[in-house]
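Please open the model in your viewer and keep the selection panel at hand. The tour below moves from one selection to the next and says what to look for at each stop.

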Amino acid sequence: MASTVVVTGGNRGIGYAVCERLAGEGFTVLLVARDPERGARAAASIRGDVEVVAGDLTTIASVRRLADELRDRCPRVDVLIHNAGLWPSRRTLTGDGLEESFAVNHLAPFLLNRLLEDRLGRVVQVSAGLYVKGKAEVGRTAVGADFHQMRTYADTKLCNLLTVPLFAERWRASGITIDAVHPGVIRTGLGDRRGPMGWLLKLVKRKWATPEEGAEPVVRLAHDTGTGRYFNLSEEVPLEGPARDAELAGRVWEEAEALTSAG
Ligand SMILES: NC(=O)c1ccc[n+]([C@@H]2O[C@H](COP(=O)([O-])OP(=O)(O)OC[C@H]3O[C@@H](n4cnc5c(N)ncnc54)[C@H](OP(=O)(O)O)[C@@H]3O)[C@@H](O)[C@H]2O)c1
């Protein structure tokens, strides 16, 4: 039987290129998209066994619905790729009262990991090298109290990355593995803005690598078996700065458990 891979945010950007590659390799790909029509259009343009799963990662309830759907459809998730992400230009609160990118970039992967852990084989977390610029302020980052249009993205990526070694430890006995990867600086819609800043960014992005190039290190890790590691593209590198703070990681974990009631 073909291995099953779940890719969040599979309808465009790096996630789409990952789906394309893994479908081409013979995986059964579950392409998660918050808009089922956009998901269906993306899936239709990929050769191979690709199924669309509607999944919005914004609220705790919608992540729980997605987990239920995945549980119904997959007795086993061989690889779960947390790829969906956003870089907001302004503070938006979700229905749970949480800052949107904190919810999507950090809490959603945390909760999906917890809700699917009885059937996971491997997890690949698409991270971002910008985590080094982030700071995780427990109680404040979650609600965007410290929102900054350049830094909040890094903060949420840092929160997320702090949990990766803890998941690796939690799962060591059960054999589930997890690694995180910075995919490169890639020409996608991430962080697109209106106005002069947006035009400038579009110009700069022309020189950036393609989504296919961004997919490369992610696909490579989908086949790997190590755990608890962080990769800059294909090179394993040690975590830096606040991502090495075990005490902070513990507090970020506890906060995520409390916010998702996944204790
Ligand atoms: N591009 C880079 O240079 C770069 C660098 C480092 C790390 N990354 C990471 O790479 C990953 C993919 O980013 P990308 O560059 O491919 O960005 P992208 O082209 O903007 O794609 C983002 C994907 O995430 C989905 N998404 C956003 N919010 C969602 C939500 N609430 N629920 C479900 N799906 C949601 C989007 O769905 P919609 O189409 O519905 O909006 C889209 O499919 C992200 O985790 C990002 O942080 C990217």
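Begin with the shell of residues around the ligand, which divides into 11 nonpolar, 10 polar and 5 charged residues; as you look, bear in mind that this is a predicted model. Of the 26 residues around the ligand, the ones to select next are Gly-9, Gly-13, Ala-84, Gly-85 and Thr-188, since these come nearest. Then colour helix α1, residues 13-24, which gives the most to this shell, with 3 residues.

Now turn to the largest nonpolar core, which has 74 residues, and pick out Val-18, Val-29, Leu-31, Ile-81 and Val-218, the residues with the most contacts inside this core. Helix α4, residues 100-116, is worth colouring as well, for it gives the most to this core, with 9 residues. In soluble globular proteins, nonpolar side chains tend to be buried together.

Which residues is Val-18 in contact with, leaving aside its neighbours within four places in sequence? Select Val-7, Ile-81, Asn-83, Ala-215, Val-218 and Val-219, and you will have the residues that are in contact with Val-18 on those terms.

The last stop is helix α2, residues 36-44, where the buried residues are Gly-39, Ala-42 and Ala-43. They lie on the same side of α2 because they cover an arc of only 95° around the axis. Glu-37 and Ala-44, on the other side of α2, are exposed. To see what covers the buried residues of α2, show the elements around them, including α1, β2 (28-33) and β3 (50-54).

Conventions: Residues numbered from 1 in each chain as written. Predicted model: local features only at pLDDT ≥ 70, side-chain atom pairs only at ≥ 80, totals over all residues. Near = placed C-beta within 6 Å. Helix = DSSP H or I, 4+ residues; strand = E, 2+ residues; numbered from the N terminus. Nonpolar A, V, L, I, M, F, W, Y, C, P; charged D, E, K, R; others polar. Core = buried A, V, L, I, M, F, W, Y, C linked by C-beta atoms within 7 Å. Buried ≥ 20, exposed ≤ 12 C-beta atoms within 10 Å, placed from the backbone. Contact = placed C-beta atoms within 7 Å. Arc of directions from axis to C-beta.
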